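Student: Please take a close look at one part of this structure, the pairing of charged side chains, and connect it with what lies around it.

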Amino acid sequence: MLKKIILLSAFAVSCMGLYAQDASQIVQRHSQEDTTTIENLKLSLKEAKEYASEHNVNFKKTQNAVKDALYTKREAIASYIPQIDANLNYNNYLGASMSMSLAPGATTSIKFNPTSTFTLQASQLLFNGNAMVGIMLGKIAQEMAEISQENAALTLKDQVSRSYYTILLSETTKKILIQNLSDIKDIAAKTQAMADAGALEQTDADQLLVQVNLLENMIQNSDRNTELGYNLLKLQLGTNIKSTVTLTESIENLLNNTNDAEILIKPYLVEEDPMYRMAEGAQRISEKQHLMSVMNALPTVSAFYNFNGKILKPAFDMSPKNVVGLQASVPIFKGLKNTNTFRKTKLAKENAAMDLTFANDQLLTSEKQYRYNLKTALEQYATQKMNVDVALRVFKSIELKYDQGVKSSLDLTTANSNYLQAQTDYLGAVMQVLEARTALEKLLGIL
């Protein structure tokens, strides 16, 4: 009988377990010096998600990843921009000379004077297949980084929402336990007085005392769960662990302020889903990599211009100052390396196409399941809400009859356990609605 009461606290603990991985990060954060500003935050759910989008460290990294992809694309483009190099040298031959025979029996000596040359070289890549494909890959990589940032934003909002819900659930659980504890304490005091007067057995009073102690322990557990929930939320918000966070919304407001009927009928466009677009981007990359393997067999052509300015001229200078030319490099045989690369990229291309099909099917299946989950959760919520009202009426009725001596303490504790069980089921149904709604909103991209 008393085991049923424990379920209320156990449910809150299980909800906190959804973020067990984040708990280890909190320990790490406590062990490090925190340089963020200590704040006093009062946040609605919407404000919490907006704050996290601005301050969460991991989300800021995705913003840097977008910039990194942009720079990578520009690096690829830079290969088609003219390249200019300047070079200055000085040569001293340490008095060396060269003997030259001009006629039979006649020689002359030519001394190697110090020389200095300034060289300016400009080159322009005219055609390189790999460089062209590299530019295409850079553009796709930038798009995928932007999609990844979009998906990270949805994931962060999902995490903040769930943490927000869990804290409110834990706080609501504590309120229920405190109210129930107050009622049981009053009954226990009356029962003890009757036991002292000999009207009831001491066992009845002891049984109620055990229930009082159990409820007090559950309230302490609820406090610990709430503290853990706030620490998790602070980590996700990106605020100082010493900051004070106050949630300005109630779980009832969050439950009732959203029109679930509109969410359930909102169309889902799988082509706009970030996960689908990531899979599509991966397919495009595989296609470009396959194209790059084809480009390995094509020549590389470039043009160049050289200017040689003589600062210290040698005795004989036969090199021209200006040279313009073309250069072509043609791959002839690479030991079948290009052939095998072509085959591998073709397989990767086929796999990426299958991954895209699988992602499409998986997302459509998730959509169907999430809509079903929300419908089921709403139905269970309506049932559990009604059960709470019924269980409360039964408990109050038996409490009144207990005061009149018609019902036993066993009947009273059983009714109280049933009421707490109904509250447990009700809070579980509320959490299922909120989680199912959040999952569907994330999929629809409206979180």
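Tutor: Glu150 is partly exposed, with a relative accessible area of 33% (buried means under 20%, exposed over 50% and partly exposed in between, with a 1.4 Å probe and protein chains only). The model is predicted, so local features need pLDDT of at least 70 and side-chain atom pairs pLDDT 80 or more, while totals for chains, interfaces and linings use all residues. Residues are numbered from 1 along each chain as its sequence is written, and side-chain values use heavy atoms, without hydrogens or water.

Glu150 forms a salt bridge with Arg277, at 3.1 Å from N to O; the term requires a side-chain nitrogen of Lys or Arg within 4 Å of a carboxyl oxygen of Asp or Glu. Because Arg277 belongs to helix α9 (residues 274–295) and Glu150 to helix α5, this pair ties together parts that are 127 residues apart in sequence (helices are DSSP runs of H or I of at least four residues, numbered from the N terminus). Arg277, at 22% relative accessibility, is partly exposed.

Helix α5 takes part in another such link, for Asp183 pairs with Lys396, their closest N and O atoms being 3.8 Å apart. Here Lys396 lies in helix α10 (residues 337–403) and Asp183 in α5, at a separation of 213 residues along the chain. The two partners differ in their surroundings: Asp183 is buried at 15% relative accessible area, whereas Lys396 is partly exposed at 39%.

In a further pair, the closest N and O atoms of Asp260 and Arg437 are 2.8 Å apart. That salt bridge joins helix α8 (residues 260–265), which holds Asp260, to helix α11, which holds Arg437, across 177 residues of sequence, and both Asp260 and Arg437 are buried. Salt bridges also link Asp158, Arg162 and Glu435 in a network, and the count by this rule comes to ten.

As for the surroundings of α5 (129–196), this helix is among the elements that cover the buried residues of α4, as is α3 (45–55); covering here rests on contact, meaning heavy atoms within 4.5 Å. The buried residues of α4 are Phe59, Thr62, Val66, Ala69, Lys73 and Ala76. Viewed down the helix axis, these buried residues fall within an arc of 90°, so they line one face of α4, the arc being taken from the directions from the axis to the C-beta atoms. Val57, Lys61 and Glu75, on the other side of α4, are exposed.

Note on methods:
Helix = DSSP H or I, 4+ residues; strand = E, 2+ residues; numbered from the N terminus.
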